[in-house]
Amino acid sequence: MKNLMFLLGLFTLLMPISAFADQTAADGSAAPVPALVASGVCAEPERMMYNDLIARIDAKGEAWRARYEEVRTEEQIAAYQKERRDFFLAQLGRMWERTPLNARVTGVIDRPEYRAEKIVLETLPRFYATGTLFLPRPEKFAPPYPGVLVVCGHAFEGKASDFYQGICILGAMNGLAMYIQDPVDQGERLQHFDAEGKPTHATTAAHSLAGIGSILLGRNTATFEVWDMIRGLDFLQSRPDVIPDRLGVAGNSGGGTQSSYLMALDDRVFCAAPSCYLCSLYGAQTHKSVPQDAEQNIFGQLGFGMDHADYIIMRAPKPTLLNTKTKDFFDISDTWVSYRDALRIYSRQEHSERLSIVEIEGEHGYCPELLDASVSWFLRWLAGRDERIVGAYPLPTLTQEEIRSVPNGVTALPEARTTYDINRDYNEELKAVRREKLASVTRDEFAGRVRAAAKIRPLDGIPAAEPVGVPDSPDWLVLKAEGTVGLPLRCHARGEGNLRLIVTEEGNRSAAAEQLAAQAQGSGVGTVWSLEPRGWGESRAQGTSYYNKDIFGPDGTVWYLAYLLGETYVGLRAEDVVSAARYLRGEDGPPVELAADTPAAALVALHAAAAEPGLFSGVVLKPSAVPGSWADYVDSAPQPYNLQNVIHGVLCEYDVEDLMRFTGCTVRE
């Protein structure tokens, strides 16, 4: 045994510093080796959740490939397209009825090379979108013109960005009507300001902030972006100087995301040229990079089987050009795989000439060569002009002041609404829906709703975990669950009678767990154990800087991997609690009472108890551990919120107070 402990200690010293950064106690003494390591269940605890989710993604990638290979005939292609489009629309959540756009031209700029109209639309009532319509000089090209919607990548200045303007100007100079629109949280559509009116959040961080409340309501930041794009096409079709059935879409980076979505979902888009985005979510984007911000991740898409290639396949055989860069952080090798997968479908439809790819040396972003290729592509397929366009760079762009549609941004317009206001309206509507839904349901029926929303499997669908001892630690064991997951358990007291399981976010050795264990013993509980569900305690990950930890918590990177699979952190951890309770209870033991040390841990405990009412006797919480209402968060947003507590669409079914009511939760000091 001494030799084993020596080897474990040596192994620990050889691990990267980040793996066991907390293995020195406050007094400078050596802290105990993590139970996950000592038991041999998991050598890299901080990578445990990541490794498990990546293995799931790999399995789903193989399933995607098998499904794709079945698609050969026209009928099979049509069915495949419909499956993915129906899924995509369902995951975006309920959209809105078309209301009057109330399009306004707030200014006109005449340049020798083009005309530009500054536009304000209401894509929803008092939800304003700013844009610029770049038009050809009528003396050079007579109207009407083919129309192209251009969507911006994650540039703070939005449509004022030189390259985003550039594609519009180049298109207008060659006979196309090009309409570029600011996305939410960019350009003139910023939504976050301090007391002095200065912007506090924009682009990716702001999109993810808007995503929290949207996800709780069963939507996504992408829902707003897709709707804005749909209305942008409506605007183009409303113009007498635009040919209504010759429409295209283009965008780079985050605009590549948006244009990929629109070309897949809206049949009016005949020609598309997304740039610097399409690759594969089964590839490097999840394995080597990060899953990007809220709108770039659709709930459950990898679990269902909807990859980047499918955005192209969903529109096959309509003309599509992939603009790529060799050194892009959107992996070029994965882009070529997706291109080839889509091309096989186009070839089966005998339209391989309608799919093309351009690869330019360089790093992420538009460049003159990609602008030239995109405009040439649109002219070929929308105007019937097979010409090689080479722009004279730099193009005659507008300044930020010149291109501005309104003086002080859309939030300064009378009674303007933000994404948060729109979410609050829907939240209020759902409160009434929930009351009606839950007025007469039984506890078992509620359990079914909880399992469905949080993605918790029924008890008989969760494989039994295997207990593994921890050397020289009789009060410790690790439950080896599915895949690479291990769950450290610690026994604080053994006795007759009732059993309490503490769900701990801080860890089995934490002062909070010790205090809850002592309180349980003091109140007469016979046996007390504590559990670290995955990603907490020893297996807590450090996360990446892409997701601001002060806003989203430390788990953003891995949380979005689970989100892409259609899993929830709360649900995965609730299954861990169910596994531990089933093991501790045995065949005929007493029901397990749950406690928790933080609101996040309490949320997990409440879900476990709600999902399996026959396994648990109740939940006991201190006032400081009671989770806040999700509906209250949506009403008060925007503000920081830990992603680990977010469940897609949960407010369509229940809120925290419903969990507490149905589980008979007791709150006391």
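Colleague: What is the mean pLDDT of the protein chain, and what share of its residues reach 70 or more?

Modeller: This is a predicted model, and pLDDT gives the predictor's confidence in each residue. Here the chain's mean is 93, with 95% of residues at 70 or more.

Colleague: Over which residues does pLDDT stay under 50?

Modeller: That's residues 1-27. The model has 28 contacts for that stretch beyond four places in sequence.

Colleague: On to Glu-295. Where does it sit, and is it buried or exposed?

Modeller: Look in the loop between helix H9 (284-287) and helix H10 (301-304). Glu-295 is buried there.

Colleague: Which side chain of opposite charge is nearest to Glu-295, and how far away is it?

Modeller: For a salt bridge, you want a Lys or Arg side-chain nitrogen within 4 Å of a carboxyl oxygen. The nearest candidate, Arg-189, is 12 Å away, and Glu-295 has no salt bridge.

Colleague: Then what does the Glu-295 side chain make a polar contact with?

Modeller: With the side chain of His-207, at 3.3 Å. His-207 also turns up among the contacts of Glu-295 beyond four places in sequence, as do His-154, Asn-220, Thr-221, Ala-222, Glu-225, Thr-257 and Tyr-261.

Colleague: How many disulfides does the structure hold?

Modeller: Zero. A disulfide needs two cysteine sulfurs within 2.5 Å. Take Cys-279: its closest cysteine sulfur is in Cys-276, 11 Å off, so that pair is too far apart for a bond.

Colleague: Are Cys-279 and Cys-491 buried or exposed?

Modeller: Cys-279 is buried, at 0% relative accessible area. Cys-491 is buried too, at 5%.

Methods
Residues are numbered from 1 along each chain as its sequence is written. This is a predicted model: local features need pLDDT of at least 70, side-chain atom pairs count only at pLDDT 80 or more; totals for chains, interfaces and linings use all residues. Side-chain values use heavy atoms; hydrogens and water are left out. Helices (H or I, at least four residues) and strands (E, at least two) are DSSP runs, numbered from the N terminus. Buried means under 20% relative accessible area, exposed over 50%, partly exposed in between (1.4 Å probe, protein chains only). Lys and Arg count as positive and Asp and Glu as negative; His and the chain ends are not counted. A polar contact is a pair of N or O atoms within 3.5 Å; within protein, one must be able to donate a hydrogen and the other to accept it, and residues adjacent in sequence count only if both atoms are side-chain atoms. Contact means heavy atoms within 4.5 Å. pLDDT is the predictor's confidence in each residue, from 0 to 100.
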